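Dear colleague,

I am handing over the structure below, which is a predicted model, and after it I set out what was found. Please read the notes with the structure open beside them.

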Amino acid sequence: MPSLIHERAVKECRERQVFTPEVATVRGLIFNAVLGLVNRHEGEAAAAELRGLVSKKPYIDFFPYPARDFLQLLYGAAERLAPAHGDSLDEAIRACGGAAVSGFFQSAVGRTLTNLIGRGDPKRLFSNAPTAYSTTVGYGQRTYTRLTDRAVRLHFRGDMQPVQFHQGVLEEALAAVGCKGRVRVRALGLDEAEYTIEWE
């Protein structure tokens, strides 16, 4: 009998895929980051099995692939990772978002970017988030608003990824510049949300 986590993962994935344009794309590096997380926690065989459900070939980091395929991969990964996250699909999706950005910041390009932005200055990082997102995905619009010296807001529209994924991305980005803080989410629809990022 299918578990509640499995049923929810399948339902949410299908709902989001229906509203995702066929032309929407995600770069291979995001696919690879999620597969890498599964590999670390569940082993190489589990990651290979998961990839095989979507593609028979490895993903090339800077090539674009269908966003619908990424949703299938994301929810498949989250379902496998949920037991390690208190049987929470939401927390597993959030972990996938964190993995997507942590791999980037650990790369040579990411380290260079961190040096240019400077540690302890999240405003510079998040003010460039709309551009950064547009280089990794081929859909949606994102806008940046400075709220205070220690708070900003990002507004996402036309983005079918679950809000927990982006929350994980933004939390990890905050940690990458050496700041403690939190990301509050306000979902406005299936493809629209606001993320308020605050730090100490």
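Helix 8, which covers residues 129-136, lies across strand 3 and strand 4, and its direction runs at about 160 degrees to that of strand 3. A further helix, helix 9 (residues 163-176), packs on the sheet and touches strand 4, strand 5 and strand 6 (192-199), its direction making about 25 degrees with that of strand 6.

The sheet in question is an open one of four strands, in the order 3-4-6-5 and with antiparallel pairing. Strand 3 (141-148) and strand 5 (181-189) stand at its edges with a single partner strand each, so one side of each of these two strands is left without a neighbour in the sheet. Ignoring direction, neighbouring strands of this sheet are turned against each other by 15 degrees on average.

Two of the pairings can be followed residue by residue. Strand 3 runs antiparallel to strand 4 (residues 151-157), to which it is joined by seven bridges, and Thr143 stands opposite His155 of strand 4. Strand 5 and strand 6 are likewise paired in the antiparallel sense, over eight bridges, with Gly181 opposite Trp199 of strand 6; the hairpin that joins strand 5 to strand 6 passes through two residues.

Turning to the helices earlier in the chain, the axes of helix 3 (residues 44-52) and helix 4 (residues 67-81) come within 10 Å and cross at roughly 150 degrees, which means that helix 3 is roughly antiparallel to helix 4. This crossing of helix 3 and helix 4 is right-handed, and the contact is made by Ala46, Glu49, Leu50 and Arg51 on the side of helix 3 and by Leu73, Gly76, Ala77 and Arg80 on the side of helix 4. Sorted by class, the residues of that contact are four nonpolar, one polar and three charged.

Helix 4 also meets helix 2 (residues 28-42), and here the axes come within 10 Å and cross at roughly 15 degrees, the two helices therefore being roughly parallel to each other. Helix 2 passes helix 4 in a left-handed crossing. The residues of helix 2 that take part include Phe31, Val34, Leu35 and Val38, while those of helix 4 include Phe70, Leu73, Ala77 and Leu81; the residues of this contact of helix 2 with helix 4 divide into 10 nonpolar, one polar and three charged.

With best wishes

Definitions and conventions. Residues numbered from 1 in each chain as written. Predicted model: local features only at pLDDT ≥ 70, side-chain atom pairs only at ≥ 80, totals over all residues. Heavy atoms only, no water. Axes fitted to C-alpha atoms, helices over the stretch in contact; angles between N-to-C directions. Parallel < 35°, antiparallel > 145°, perpendicular 65-115°, else oblique. Left-handed = near helix turned anticlockwise from the far one by under 90°. Contact = heavy atoms within 4.5 Å. Nonpolar A, V, L, I, M, F, W, Y, C, P; charged D, E, K, R; others polar. Pairing = 2+ DSSP bridges.
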